[in-house]
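These are my notebook entries on the contacts between side chains that I looked up, written down in the order in which I took them.

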Amino acid sequence: MKATNAAVMKEKNKKLVLDLIRERNLSRAELSQQTGLTKPALSTIVDELLKENIVLEVPQITNEVGRRPKKLYLNREYLYFAGVNITRNHFEAGIINFYGEVLVQKREKMKESLTANEVIEQVCSMIAREISELSIPKKKLFAIGVTTPGPVDRNNTTVLAAPNFNQWHFVNIGAQIKHHFHVPVYLENVSNAWAVCEKYFGTAKEVPNFMVVKIDEGIGSGIILGGSLYEGLNELGHTTINYNGILCECGNRGCLETYASIRSILKNTPYQTWTEAVDAEDTVLIEKEAEYLVPALVNVSNLFSLDIIVLASDIAYKSEQLLSILNARVREKSLNQKVSIVKTKITSSIQSAAVIALDKFFHL
Ligand SMILES: [Zn+2]
């Protein structure tokens, strides 16, 4: 155990104050109360943040006579973060501001003829164009967050061996993007990033333990435990719901993904997309999807003390009926009685990729 250096402690307190201002726009008095810092200690930090132009202190408009309380706000234009999301079908890049609001996002179709290097080149041009369109000074781009399917090597910003993603296997995507922009680049699995984004801006803001289950072409999952991202493999899609079932690409039998991914559930149906099936009010198919998901969700809620499970991506479309079946059955079968299943509030994959970079600023 090392002793805490005073400078490190001060920096930690500063980030804590900033994080609270980002979440709630508090006054100095409220901040002192929330952090437990004395008023003079808090004021030293706030004065420093004001001097650095990271925050703004704005008097509130009230009808009362007398002193107008002042609240602190982040300076929206202090820093920017870029997000890149690469999927099997498309790639996209965009920019968020200091509050995490999406300012621009652009998407391109993934053509089979493109190599990973060519896609990275295009992604870099997209970001450069967006920065110039928004007139963002170069030094204000803090970092870039990149998301891809399947497992990743975070330390070496290298994509690992996700199934059906062969041209990206072992590509050091971070090094190539960094070469263009000279800012830190962080790589994360797309479902993990979604979970982090859900914690910042979504439905799980105050929730310590939750899991995001992203269902589209495949099934991905991301877990936050005790408020922090669980950085393990986390492949819910490749846990089995039938040990004698269909052989999966991963070598296992009866993987959840081989039954409940959108690609799998729509096989031998007249629908091209999940949206079509839901809009057609195909209750039999929705019921079937629920039947596949229930054992998997019961398993995870029995393993972790999850407060909520958040459904994201294609499956979240008009999901009221699916959610009501899942909530009833999972609670009936799980030992975890408090778990509830909800749908995501996040609408942008760019926000979820860029939040990986934003998180590095707000949390040391
Ligand atoms: Zn599998």
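How are the donor residues of the zinc ion spaced in sequence? I read the spacing as H-x9-C-x1-C-x4-C. I note at the start that this is a predicted model.

**Entry: the zinc site**

I looked up which atoms hold the zinc ion, and found that it is coordinated by ND1 of H238 and by SG of C248, C250 and C255, at 2.0 to 2.3 Å. I then turned to the angles among the four donor atoms, which run from 104 to 122°, and the site is tetrahedral. For comparison I wrote down that the ideal angle for four tetrahedral donors is 109.5 degrees.

Next I asked where two of these donors lie, and found both H238 and C250 in the loop between β12 (228-229) and α7 (256-260), so the pair ties together parts that are twelve residues apart in sequence. H238 is buried, with a relative accessible area of 19%, which falls under the 20% cut-off for that word. C248 is also buried, at 8%, whereas C250 counts as partly exposed at 41%.

**Entry: cysteines and disulfides**

I searched for disulfides and found zero in the structure. While looking at cysteines I also noted C197, which counts as buried at 0% relative accessibility.

**Entry: salt bridges**

I reminded myself that side chains of opposite charge can pair when their charged atoms come close. How many salt bridges does the count come to? I arrived at 19 salt bridges, and I followed three of them in detail.

In one of them E48 pairs with K10, and their closest N and O atoms are 2.8 Å apart. Because E48 belongs to helix α3 (residues 39-51) and K10 to helix α1 (residues 6-24), the pair ties together parts that are 38 residues apart in sequence. Both ends are partly exposed, E48 with a relative accessible area of 23% and K10 with 40%.

In another, the side chains of R28 and E57 meet at 2.8 Å, N to O. This pair links distant parts of the chain, with R28 in helix α2 (residues 28-35) and E57 in strand β1 (residues 55-59), 29 residues apart. I found R28 partly exposed at 23% relative accessibility, and E57 partly exposed at 23% as well.

The third pair that I followed is E287 with R329, whose closest N and O atoms are 2.7 Å apart. E287 lies in helix α10 (residues 283-303) and R329 in helix α11 (residues 320-333), so parts that are 42 residues apart in sequence are tied together. E287 counts as partly exposed at 31%, and R329 is partly exposed at 27%. I also noted that salt bridges with shared partners join K10, K14, E48 and E52 into one network.

**Entry: aromatic rings**

My search of the whole structure for aromatic pairs gave ten. Among them is the edge-to-face pair of F142 and F361, at 5.3 Å centre to centre with 85° between the planes. The pair links distant parts of the chain, since F142 is in strand β6 (residues 141-148) and F361 in helix α12 (residues 349-362), 219 residues apart. F142 is partly exposed, with a relative accessible area of 26%, whereas F361 is buried, with 8%.

I then followed the ring pairs outward and found that they link Y78, F81, F98, F142, F361 and F362 into a cluster. Two charged side chains lie over rings of this cluster: K15 is over the face of F361, 4.5 Å from the ring centre, and the charged end of R22 sits over the ring of F362, 5.3 Å from its centre.

Conventions:
Residues numbered from 1 in each chain as written. Predicted model: local features only at pLDDT ≥ 70, side-chain atom pairs only at ≥ 80, totals over all residues. Heavy atoms only, no water. Salt bridge = Lys/Arg side-chain N within 4 Å of Asp/Glu carboxyl O. Helix = DSSP H or I, 4+ residues; strand = E, 2+ residues; numbered from the N terminus. Buried < 20%, exposed > 50% of the residue type's maximum accessible area, 1.4 Å probe, protein only. Disulfide = S-S within 2.5 Å. Donors = N, O, S within 2.8 Å, 3.2 Å for Na, K, Ca; no water. Tetrahedral: all angles 85-135°; square planar, octahedral: opposite > 155°, others 65-115°. Phe/Tyr/Trp six-rings, centres within 6.5 Å; stacked < 30°, edge-to-face > 60°. Lys NZ or Arg CZ within 6 Å of the ring centre and 35° of its normal.
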